[in-house]
Amino acid sequence: MDVQIEAISLNGVTGFDQDRFSAALNGELGRLAATYASIGGTWRVAQVDLELAFQADSAAIGVQVARAIFAQVSGSAGSW
């Protein structure tokens with residue numbers, strides 16, 4: 001799976017680690033796609049709105065963003 005993000009805005013997040021975020025985002029999207037759906041082609045998501053847990057670390061944020069993206073492209077609001 002190839003994930004390309006044009007831009008991401010995380011307002012109010014401090015101590016952000018891009019490598020941990022990217023690894024968690026890619027890992028969770030791959031897991032979700034392999035487990036729950038066979039969605040081909042290019043995924044296009046203009047915006048994802050979510051509330052983060054207080055003082056969530058970079059990896060936890062990556063997982064939450066991946067789940068929000070997957071919910072939009074799969075048309076499902078499941079709990080993974």
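1. Ser-58 sits in helix α2. This is a predicted model, and the points below should be read as such. Ser-58 has a relative accessibility of 6%. The cut-off for buried is under 20%, so Ser-58 counts as buried. Its side chain reaches the backbone nitrogen of Asp-17 at 2.7 Å. Leaving out residues up to four places away in sequence, Ser-58 touches Gly-15, Phe-16, Asp-17, Arg-20 and Phe-21.

2. Asp-17 also has a part at helix α1. Asp-17 caps the N-terminal end of α1. One of its side-chain oxygens lies 3.0 Å from the backbone nitrogen of Asp-19. Asp-17 thus appears in two polar contacts: its backbone nitrogen is reached by the side chain of Ser-58, and its side chain reaches the backbone of Asp-19.

3. Which aromatic rings pair? The count comes to 1 aromatic pair. The partners are Phe-16 and Phe-21, with ring centres 5.2 Å apart. Their planes stand at 50 degrees, so the pair is tilted; planes over 60 degrees apart would count as edge-to-face. The partners differ in exposure. Phe-16 is partly exposed at 35% relative accessibility, whereas Phe-21 is buried at 4%. Both Phe-16 and Phe-21 are touched by Ser-58.

4. Helix α1 covers residues 18-36. Does its length agree with or depart from the expected span? At 1.5 Å a residue, its 19 residues should span 27 Å. The end C-alpha atoms are 26 Å apart, which agrees.

5. The buried residues of α1 are Phe-21, Ala-24, Leu-25, Glu-28, Leu-29, Leu-32 and Ala-33. Seen down the helix axis, they fall within an arc of 150 degrees, so they line one face of α1. The general reason is simple: an α-helix has 3.6 residues a turn, so residues three or four places apart point the same way. On the other side of α1, Asp-19, Ala-23 and Ala-34 are exposed. What covers the buried residues includes α2.

6. Glu-28 deserves its own point. It is found in helix α1. Its relative accessible area is 8%, so Glu-28 is buried. Leaving aside neighbours within four places in sequence, Glu-28 is in contact with Val-63, Ala-66 and Arg-67. Glu-28 is also listed with the residues that line one face of α1.

7. Is Arg-67 buried, partly exposed or exposed? Arg-67 is found in helix α2, residues 58-74. Its relative accessible area is 32%. Buried needs under 20% and exposed over 50%, so Arg-67 is partly exposed. Its contact Glu-28, by contrast, is buried. The C-alpha atoms of Arg-67 and Val-48 are separated by 10.0 Å. Along the chain, Arg-67 and Val-48 are 19 residues apart.

8. Now the chain as a whole. Its secondary structure comes to 2 helices and 0 strands. Of its 80 residues, 20% count as buried. The chain exposes about 5,600 Å². Carbon and sulfur atoms supply 45% of that area.

9. Contacts across the sequence close the note. Take the contacts in the chain with a separation of 6 or more. Residues 24 or more positions apart account for 72% of them. Two cases above show contacts between the helices: Ser-58 of α2 touches Phe-21, a buried residue of α1, and Glu-28 of α1 is in contact with Arg-67, which is found in α2.

How values were computed
Residues are numbered from 1 along each chain as its sequence is written. This is a predicted model: local features need pLDDT of at least 70, side-chain atom pairs count only at pLDDT 80 or more; totals for chains, interfaces and linings use all residues. Side-chain values use heavy atoms; hydrogens and water are left out. Helices (H or I, at least four residues) and strands (E, at least two) are DSSP runs, numbered from the N terminus. Buried means under 20% relative accessible area, exposed over 50%, partly exposed in between (1.4 Å probe, protein chains only). A polar contact is a pair of N or O atoms within 3.5 Å; within protein, one must be able to donate a hydrogen and the other to accept it, and residues adjacent in sequence count only if both atoms are side-chain atoms. Contact means heavy atoms within 4.5 Å. The expected span of a helix is 1.5 Å times one less than its number of residues. The arc is that of the directions from the helix axis to the C-beta atoms. Rings of Phe, Tyr and Trp (its six-membered ring) pair if their centres lie within 6.5 Å; planes under 30 degrees apart count as stacked, over 60 as edge-to-face and the rest as tilted. Accessible areas come from the Shrake-Rupley method with a 1.4 Å probe; for residues, only the protein chains shown count as cover.
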